[in-house]
Amino acid sequence: MGESFDIRKWFKDRDELLVISGPCSVESREQLLATAAGLSEIDKVKVLRGGIWKPRTRPEAFEGIGEEGLLWMREAKERYGFLTMTEVARPEHVELALKHGIDILWIGARTVVNPFSVQELADCLKGCDIPVFVKNPIAPDVRLWLGAIERLGGAGSQYIGAIHRGFSSYDESPYRNAPLWEIPIELLRLHRNIPIITDVSHICGCRELLQEVAQTALDIGTLGFMIETHNDPDHALTDAKQQITPASLKKAFNSLVFKKKKIDADEAVLQNYRKEIDVIDDELLNLIAKRMNISEKIGDFKKEHKMTVLQMDRWKQVLEDHINKGVNLGLNDESVKEIFEIIHKDSIDRQL
Ligand code: PEP
Ligand code: MN
C-alpha cells in the first residue's frame, strides 16, 4: 500500500502510474475516513487528496472545512498509509499544510491564472522540498502554465509536476473543461522534464465520461491520474456530479488498458513505419514549398494587373472541394479545413 510509496523517487523514475484520489472537499472526519477506507482497497492509489480551502465561483457556496480537516487528513494517512495532498492558494495555506504533515501540494487552476499569487506561493515555498503539482490555468494558455512552473522552479523547488485538468470554453462540449490534449503535449515539448498527470474528474464534470477520458489519457501516455472519490458522491458538498465511490474507481481500473512507453519486443516494425512516415513528411514539405512558389507567381500576376489578393469565391470553392476530396479519402473534415486554412493564410501573406 501507500506506506512504502516514495514520491521523490517517483519524480526521478516515473516508473509507475501515480494515482491520486480522494474527495473534492474534505467535509467531515467520517466522510474522509470512509472514503480513505474504500481507497485503501485499491493498490494503485498512493496519494489521498482532499480540498481543505475551496475556491468557489459564488460566495455562498461551501468554501472548505479549513484547518480542522488537516487533522483528519493526518489520521487517514496514519491509518491507511497514504501520502496526503491538498490545494494551496495562499501562503497561510502552505504554512498550515506543512504544519500538519501534508506530503504534496497542488496549486489550483484559478490560482495559476494569477502570476502574483503564484509568485507569493513560490516565495513561501523557498527552501522547502515538498513536491508541488501545478494545474493548468482555466484558460487554454500554455505559457501561463509554463510561467507558473518556472516561478516555482525559480524558487528552488525540485519536485514540480503538472496536472492537466482541462480548459474552460464557451463552445458547446460534453466536457466540463475541454481536454485540448494538444496543450499538455505542447507543455511537454516546451519543458521536456515535467511529469504530467491527468485530472479526469475536472475534465469530465460527470461520471459517464470518466472511463473514456482516462483511457485517452493512458493512450497518450499520462504519468498518472487525479480522480475525485467520495463515500457518498450524490451528497457531496462540492462537485457531486463528477465524484465516484472508491468501489466504482476500483471497477474502472479493472477495465482500463494500461500502456507502456517502451516495449521489450522487437521494435523494428515500428521503426519501419517511422521511416515511411519520414519519407512522406519530406514529400509533403517539398510539395508545400512548390505550392508556395506558384502562389508567389500568382501574387506577381495579381500585382501586375492590380487585382485584389483575396479572391473569396475561388477560396471558398477550393476549400469546399478539398474537404470533400479529403472526406472521400477517409480524412477528418475539420483537420482538412485547418490544414488548408493555414496553407491559404501563408499564401495570402506571401502575396501581400
Ligand atoms: C479541485 O481539484 O477540487 C479543484 C478545485 O480543481 P481545479 O483547480 O482544477 O478547478
Ligand atoms: Mn473538485
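A residue is called buried when its relative accessible area is under 20%, exposed when that area is over 50%, and partly exposed in between, using a 1.4 Å probe and protein chains only. The model is predicted, so that local features need pLDDT of at least 70 and side-chain atom pairs count only at pLDDT 80 or more, while totals for chains, interfaces and linings use all residues. Residues are numbered from 1 along each chain as its sequence is written, chains are lettered from A and ligands numbered from 1 in the order in which they are written, and side-chain values use heavy atoms, with hydrogens and water left out.

**Exercise 1. The metal site**

Find the protein donors of the manganese ion (ligand 2) and place them along the chain.

Solution. Donors are N, O and S atoms within 2.8 Å of the metal (3.2 Å for Na, K and Ca), and since water is not among the atoms, sites may look incomplete. Step one gives Cys24 through SG, His202 through NE2, Glu228 through OE and Asp239 through OD, at 2.1 to 2.4 Å from the ion. Step two reads their spacing along the chain, which is C-x177-H-x25-E-x10-D. Step three takes one pair, in which His202 belongs to helix 9 (residues 200-204) and Glu228 to strand 8 (residues 224-228), 26 residues apart; here helices (H or I, at least four residues) and strands (E, at least two) are DSSP runs numbered from the N terminus. Finally, His202 and Glu228 are both buried.

**Exercise 2. The surroundings of ligand 1**

Determine which side chains make polar contacts with ligand 1, including that of Arg110.

Solution. A polar contact with the ligand is a pair of N or O atoms within 3.5 Å. First, a polar side-chain atom of Arg110 is 3.0 Å from an oxygen atom of ligand 1, and for Lys135 the corresponding distance is 2.9 Å. Next, an N or O atom in the side chain of Glu228 lies 3.2 Å from a ligand oxygen. Last, ligand 1 taken alone exposes 300 Å², of which the protein buries 97%, with accessible areas coming from the Shrake-Rupley method and a 1.4 Å probe.

**Exercise 3. Helix 10**

List the buried residues of helix 10 (residues 210-220) and say what covers them.

Solution. The buried residues are Leu210, Val213, Ala214, Gln215, Ala217 and Leu218. Their cover includes strand 7 (196-199), helix 9, strand 8 and helix 11 (246-255). After the helix comes Gly221, whose phi is positive, near 120°.

Technical notes. Contact means heavy atoms within 4.5 Å. A polar contact is a pair of N or O atoms within 3.5 Å; within protein, one must be able to donate a hydrogen and the other to accept it, and residues adjacent in sequence count only if both atoms are side-chain atoms.
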